[in-house]
Amino acid sequence: MTRKTPDAPEDPALGTGVAVGLAAGTAAGVALDNIAVGMAVGIALGAALGTLLARRPPDPPDDDTSPHS
């Protein structure tokens with residue numbers, strides 16, 4: 001049974017952004033031989049990306065009732 005908490009966001013974009021940022025930051029950290037800095041930068045950029053994705057306006061609904069010319 002899944003229970004929704006009142007604080008849970010409707011769109012999981014922030015969590016997705018942090019996960020992608022962490023993965024990319026870890027890879028960059030390994031490549032640059034500084035994993036800690038890569039992870040920190042990846043989490044920060046991922047949180048920013050997730051916030052931007054969560055704040056995007058919803059897509060307008062399709063209006064198929066208009067006549068086609």
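Visitor: Which exposed residues are carried by the face of α2 turned away from its buried side?

Guide: In this predicted model, the face of α2 that points away from the buried side of the helix carries the exposed residues Ala-36, Leu-45 and Leu-52. To read such a label, keep in mind that a residue is called exposed when its relative accessible area is over 50%. Ala-36, which lies in helix α2, is exposed because its relative accessible area is 57%.

Visitor: Which residues of α2 are buried?

Guide: The label buried is reserved for residues under 20% relative accessible area. In α2 the residues that qualify are Gly-38, Gly-42, Gly-46 and Gly-50. Around the helix axis they cover an arc of only 90°, so they sit on the same side of α2. As for what lies opposite them, the buried residues of α2 pack against α1, which runs over residues 13–31.

Visitor: Which residues are buried on α1?

Guide: The buried residues of α1 are Ala-13, Gly-17, Gly-21, Gly-25 and Gly-29. When one looks down the axis of α1, these residues fall within an arc of 115°, and therefore they line one face of the helix. The cover over the buried residues of α1 includes α2.

Visitor: How many helices and strands does the chain have, and what share of its residues is buried?

Guide: The chain holds two helices and zero strands, and of its 69 residues 13% are buried. Its accessible surface comes to about 5,800 Å², with 65% of that belonging to carbon and sulfur atoms.

Visitor: How would I check the length of a helix, and what span should α2 have?

Guide: The idea is to set an expected span, namely 1.5 Å times one less than the number of residues, beside the distance between the end C-alpha atoms. For α2, which has 20 residues, the expected span is 28 Å, and the end C-alpha atoms are 28 Å apart, so the two agree. For α1, with 19 residues, the reach from the first C-alpha to the last is 27 Å, close to the 27 Å expected at 1.5 Å a residue.

Visitor: Which residue with a positive phi follows α1?

Guide: That residue is Asp-33, which lies in the loop between α1 and α2. Its phi is near 60°, a positive value in a residue other than glycine. Asp-33 is also exposed, because its relative accessible area is 72%.

Visitor: How far apart in space are the C-alpha atoms of Thr-26 and Met-39?

Guide: A comparison of this kind sets separation along the chain beside separation in space. Thr-26 and Met-39 are 13 residues apart along the chain, while their C-alpha atoms are separated by 5.0 Å. Thr-26 belongs to helix α1, and once its neighbours within four places in sequence are left aside, Thr-26 is in contact with Gly-38 and Met-39. Of these partners, Gly-38 is one of the buried residues of α2.

Visitor: Is Thr-26 buried, partly exposed or exposed?

Guide: Thr-26 is partly exposed, because its relative accessible area of 26% falls in the range between the cut-offs for buried, under 20%, and exposed, over 50%.

Visitor: Where does Ile-35 lie, and what does it contact beyond its sequence neighbours?

Guide: Ile-35 lies in helix α2, which covers residues 35–54. With neighbours within four places in sequence set aside, the contacts of Ile-35 are with Gly-29 and Val-30. From C-alpha to C-alpha, Ile-35 and Gly-25 are 7.9 Å apart, although 10 residues separate them in sequence. The C-alpha atoms of Ala-36 and Gly-25, which are 11 residues apart along the chain, are separated by 8.9 Å. Ile-35 is partly exposed, with a relative accessible area of 42%.

Visitor: Which residues make the nonpolar surface patch?

Guide: A nonpolar patch joins nonpolar side chains that lie within 5 Å. Here a patch of about 380 Å² is made by Leu-22, Val-30, Ile-35, Met-39 and Ile-43. The elements that give two or more residues to this patch are α1 and α2, and α2 gives the most, with three residues. Leu-22, one of the patch residues, has its place in helix α1 and is partly exposed, at a relative accessible area of 30%.

Technical notes
Residues are numbered from 1 along each chain as its sequence is written. This is a predicted model: local features need pLDDT of at least 70, side-chain atom pairs count only at pLDDT 80 or more; totals for chains, interfaces and linings use all residues. Side-chain values use heavy atoms; hydrogens and water are left out. Helices (H or I, at least four residues) and strands (E, at least two) are DSSP runs, numbered from the N terminus. Buried means under 20% relative accessible area, exposed over 50%, partly exposed in between (1.4 Å probe, protein chains only). Contact means heavy atoms within 4.5 Å. Accessible areas come from the Shrake-Rupley method with a 1.4 Å probe; for residues, only the protein chains shown count as cover. The arc is that of the directions from the helix axis to the C-beta atoms. Patches are made of residues with over 30% relative accessible area and no salt bridge: like charges are joined within 9 Å, nonpolar side chains (Val, Leu, Ile, Met, Phe, Trp, Tyr) within 5 Å. A salt bridge is a side-chain nitrogen of Lys or Arg within 4 Å of a carboxyl oxygen of Asp or Glu.
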